[in-house]
Amino acid sequence: MGFFDQLKSRTQEMSGQLKTRAGQFKSKEFANASMAMCALIAAADGSIDPSERQRTEGVITSNDILAVFPPDELRQKFAFYADRLVRDFEFGKVEAIATIAKLKSKPDHARAVIQIGIIIGGADGNFDDNEKRAVREACFAVGIPPAEFDL
């Protein structure tokens, strides 16, 4: 099985696992961390072009795990973190990672956010090195070994 097929299979498996537990993640911290992660993945190469922003918003609003939150609320949170990353990537990155790190005491929530990052990163069929690096940094921020996610 090729890398793309493995990635697709893995993200489908993660989506299924998260979908069965979606209700337990309904908290402001989880929503913020999820949108920070999505923005971090979208900006992993240092910028977010309009089509990438639109594609990420589409994945966010159609994701079963995030369906427990109002779509407009998610879009606003994503836009907040994305705008910060576009304005000043390094500062925005620190802010996004700090938001994700708030889930360190909730490992199930933290793992779900990491999985969402992987799903977003693989949504276009290309989970590139910049996206992997962003997910690894998020793993370190919440104290989860990246190897747990084959990173």
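This tour moves through a predicted model, starting at its nonpolar core and ending at its salt bridges.

**The core**

Begin by selecting F30, M35, I60, L66, F78, I100 and I114, which touch the most other members of the largest nonpolar core, a set of 45 residues. Then colour the helices that surround your selection: helix 2 (28–42), helix 3 (50–62), helix 4 (71–87), helix 5 (89–101), helix 6 (107–122) and helix 7 (129–142) each supply at least two residues of this core. Helix 2 makes the greatest contribution to the core, giving 11 residues.

**F78 and its contacts**

Keep F78 selected and display its neighbours. Leaving aside residues up to four places away in sequence, F78 touches M35, C38, A39 and A42, together with R53, T56, E57 and I60. Two of these, M35 and I60, also belong to the group of core residues that touch the most other members.

**K77, a buried lysine**

Move next to K77, which lies in helix 4. Which side chain of opposite charge is nearest to K77? It is E73, at 4.3 Å, and K77, although buried, has no salt bridge. The reason is that a salt bridge requires the side-chain nitrogen to be within 4 Å of a carboxyl oxygen. With residues up to four places away in sequence again left out, the contacts of K77 are K28, A31, N32 and M35.

**The salt bridges**

Across the whole structure there are 6 salt bridges, and three of them make useful stops.

For one of these, select D83 and R53, whose side chains meet in a salt bridge with an N to O distance of 2.9 Å. This pair joins distant parts of the chain, since D83 sits in helix 4 and R53 in helix 3, 30 residues apart. D83 is partly exposed, its relative accessible area being 33%.

Staying in helix 4, select D72 and R75, which form a salt bridge whose closest N and O atoms are 3.5 Å apart. These two residues are 3 apart in the helix and therefore separated by about one helical turn. D72 counts as exposed because its relative accessibility is 52%, whereas R75 is partly exposed at 32%.

Finally, select R111 and E148, which form a salt bridge with their closest N and O atoms 2.5 Å apart. Here too distant parts of the chain are linked, with R111 in helix 6 and E148 in the segment after helix 7, 37 residues apart. Both partners are partly exposed, R111 with a relative accessible area of 27% and E148 with one of 37%.

Notes. Residues are numbered from 1 along each chain as its sequence is written. This is a predicted model: local features need pLDDT of at least 70, side-chain atom pairs count only at pLDDT 80 or more; totals for chains, interfaces and linings use all residues. Side-chain values use heavy atoms; hydrogens and water are left out. A nonpolar core is a set of buried Ala, Val, Leu, Ile, Met, Phe, Trp, Tyr and Cys residues joined through side-chain atoms within 4.5 Å. Buried means under 20% relative accessible area, exposed over 50%, partly exposed in between (1.4 Å probe, protein chains only). Helices (H or I, at least four residues) and strands (E, at least two) are DSSP runs, numbered from the N terminus. Contact means heavy atoms within 4.5 Å. Lys and Arg count as positive and Asp and Glu as negative; His and the chain ends are not counted.
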